[in-house]
Amino acid sequence: MSQLQIKTVLSGFFGESRIVFWNDAEQEFFSDIHSYVPDSVTLLMLDDEPKLAVKKRLEFEDRTGQYLIYSKEPEPLPEEDWLLNIRLCSRIFRADAVSMQLDELGLVNQVMREHLKRRSKFLRNKDRVEKLKKLTAPLDEEPTLDLKMMAVLLRADQAEPFAMLYKLFSSLVVDGEVELNEIPKALAEIINLELEASFWHMVREQFGYHAEDRNLRDLLFHLFVSDFAMTRHGAFPVSLQNFVLEDNKKLPQVAVFCDRWRRDLVLFSSYDAISEQIAQELNIPQNLNDCDHLGLLDVQTFADVEKRILVGLRDVIQQGDIAALAHVQAIAAKRRDGHWANTVLASHNTIIKAFGACYDAIEAAASFSELSAPYTKGFSYPTAETMFAAYQKELYRFDQCYRRFMYSNDVVELNGWTFLQTLKTWMGGQYASVMSQLSSTWGSFVAADDGLLTNWQLQDSRNQQNFFNDYVKPYIDGGAKNRAFVLISDALRYEVAQEILARAVSTNRFKANLDGVLGVLPSYTALGMAALLPHKRLDYKATANADVLVDGKPTVSLDQRSAILQGHGGIAIKSDELVATGKEAGRDFVRPYKVVYLYHDQIDATGDKQATESETFNACQKAINEIEAVIKYVINNLNGSVVFVTADHGFIYQEEGLEAADKSSLDEKPTGTLKAKKRYLLGENLGTSSKAWCGNTNVTAGTNEGLDFWVPKGANRFHFTGGARFVHGGAMLQEIVVPVLTVRVTDNEKSKVRPVEITLMGSIRKIVTNRQKFEFIQTEAVTDKILPRIALISLRDPEGDWLISNEASVSFDSSSNLMDERKKTVMLTVLGGTYDKNKDYALVIRDANTKAEIDRVNFRIDLALSNDF
């Protein structure tokens, strides 16, 4: 340091203290000592004065003067220092390089001088020193300071071993490629700056890893295999035994380390990539071949474990063991709470999204199988009314489970996975069988001599052509300010509307109910759309197109429908066009009207084209999301108080290719045919056919001048031209049970939603082992307004809210009224370390979505007995 620098530093010291000690053991500055003394400061040469006299002068004779006390000797030991009490209350100045470094880093322990000399290579870089200063504490000793130096090199946010290792391991992944044999730049710096021994000491302290040939690849093998071993139930593969860390007391550290790495939204992708690489090198798939999938349910280490579990569940379903099926849903829920199928991470990673879709497919197939169990001998109902009602209550779930499976399987196959292919074939066969049995039973009611074709009415059910008078008119007539919104979604099937209902009832301030009305026959767009408009009569225009008229007016275009609605204080508009106007413009648009018809077309627009019909189930999912958004827009932005959601018709869709047996071939069109489609013929004086159900729209749609129609029996098609998997027009329940969903807004307390409550079971509040089991109970069943919740459960040190365990994600989503079925068991692994058995630690439960704390329960931790063994 220059003379000016020393004088400047000393002046600063005297601004804080009236006495400054300077021990210059190497006598570097003795000859010029007077030149360093700031103005108004007295230099006191300690070596020339009796210590007692100096003490007397400073404490009694002059208690205000400023003194620089200089000595050519080293700082005395505390027990030999006559001026210790004064020294402790004063500033200490050191001008040698090491001393300056001690001061710069804020370190007060002089024993660190030699250690700083050993770390001179690190300290030569000013940028590194500046970063280190932010981490150091006055009493830091050698291991702690080395840890903080490594944190600087690793660019870790804190000098915490886990955080540092996450950074280091993540650097092994570059552009998705893993190089386990590479030495990362940060580790190379650690080695070059002579911190390598400290690094491996840190690793040994954390995990008990002390291999002779130490390297990151071998360390990672040990960490991943040890994590696998801790949670695997049953025999462990012999070929992996040599990678299991030997120190049992350190294994909990490994489990918590891997768990935190997997759950970190920023770092989990590096875990996944490294896990995949290690699985390949250690041949994990081969080691899992003979494993029972039930013994892997607690393992999260490798993606191959998830695949093995899914294959096991797939086989359970295909074997048709009803008793085993009861566990499929619980296993799927457990795995979703883990890493590889985690719903939170799915939006960030295609593999995790695909695993989630696998479980969606598995659950749909299991539900389908359970639903089928009571109907092994077919379907039997005394009347058409009871079967129509049964479809609305339960039978629609066959279509829903099939759709959900096929939709999820498409997501899985996009990832290149084919292990669900056999289950897909199984589902296709099961669904085809159900469709055949349903069509046979329902057909007996349609085609009977006094059946529905002669009287298209069902007791306790409304007809589609009465929709406006039955639903809309009573509401708008009920109050001068009442405005009805009617959302008509082309081909919205009843089972799809059920999902929209579930979302609506789980929305705060919304209440909703779903009816099934008897749709018009033939079940096609022109007739269904006309039937939903206000009218006194329906007619067919006497042209080749057989256009449908409402009170003599055409109904084909949006403008034509809007013109009809104007006579009833209404207007028609496409739903997406209204939403696009925004809040204020939307309000201005609807203000003059009592009725607003919104037209939505996602399902039919996709399914009714040969090029896109395979995307039908994807279109259904889009429709659910879009319709939900429109409902919320109307209620939240346009002050709508009621929205009716309905359709012109439903549809039939089967993923599998159709065969000749699915075709009701007509040698030639009957004379008088005006329209000929895959699922219906429409014309005049068509007569009858043994290959079709024959009727007249005067009976099945209430048209004044009815047209004759033929529809193929059951789910058959007249022809396959232009695509044949997506069809409508016939009399199957999937086509003619038309949904009418009514969504209302209310401030009733019963309409408010909230998550389920959960509580810890048991009265013991002491943890005596590194792996501790906790039991929780969901205190109430999930309902329309009491919603599922995902909880994050962990052990924490209350002083800093630091995690001292892994953090488990647990779904509480049971709708069972049985308390035993609402219990969940959680295993937490306590980090190794010293815990004060007389101090309270906290079991903390937080909501996974809001991060709000649900509960906090105090525990004492006493691992002495566990550590002894």
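**View 1. The lining of the second largest pocket in this predicted model****.** Sorted by class, the residues that line the second largest pocket comprise 15 nonpolar, 8 polar and 14 charged ones. The lining has 37 residues, and those closest to the centre of the pocket are Asp 490, Thr 525, Asp 601, Asp 604 and Asp 608, while the space inside amounts to about 850 Å³. At least two lining residues come from each of several elements, including helix H24, helix H25 (558-566), strand S13 (595-600), helix H28 (603-607) and helix H29 (616-637).

**View 2. An open sheet of 3 strands with helix H24 packed on it****.** The strands follow the order S9-S10-S11 and their pairing is antiparallel, with strand S9 (538-540) and strand S11 (553-554) at the edges, where each pairs on one side only. Between S9 and strand S10 (residues 548-550) there are 3 bridges, and Leu 538 lies opposite Val 550 in S10. Helix H24 (residues 525-532) touches both S9 and S10, and its direction makes about 5° with that of S10.

**View 3. The crossing of helix H12 and helix H14****.** The axes of helix H12 (residues 216-231) and helix H14 (residues 268-281) come within 11 Å, crossing at roughly 90°, and H12 is therefore roughly perpendicular to H14. On the H12 side the contact involves Arg 217, Leu 220, Phe 221, Phe 224 and Asp 227, which meet Tyr 271, Ile 274, Ser 275, Ile 278 and Glu 281 in H14. Taken by class, the residues of this contact between H12 and H14 are 6 nonpolar, 1 polar and 3 charged.

Key: Residues numbered from 1 in each chain as written. Predicted model: local features only at pLDDT ≥ 70, side-chain atom pairs only at ≥ 80, totals over all residues. Heavy atoms only, no water. Pairing = 2+ DSSP bridges. Helix = DSSP H or I, 4+ residues; strand = E, 2+ residues; numbered from the N terminus. Contact = heavy atoms within 4.5 Å. Axes fitted to C-alpha atoms, helices over the stretch in contact; angles between N-to-C directions. 1 Å grid on protein atoms, 1.4 Å probe; cavity = no way out; pocket = protein on both sides within 12 Å on 5 of 7 lines; lining within 4 Å. Points joined across faces, edges and corners; volume = space filled by probe spheres on them. Nonpolar A, V, L, I, M, F, W, Y, C, P; charged D, E, K, R; others polar. Parallel < 35°, antiparallel > 145°, perpendicular 65-115°, else oblique.
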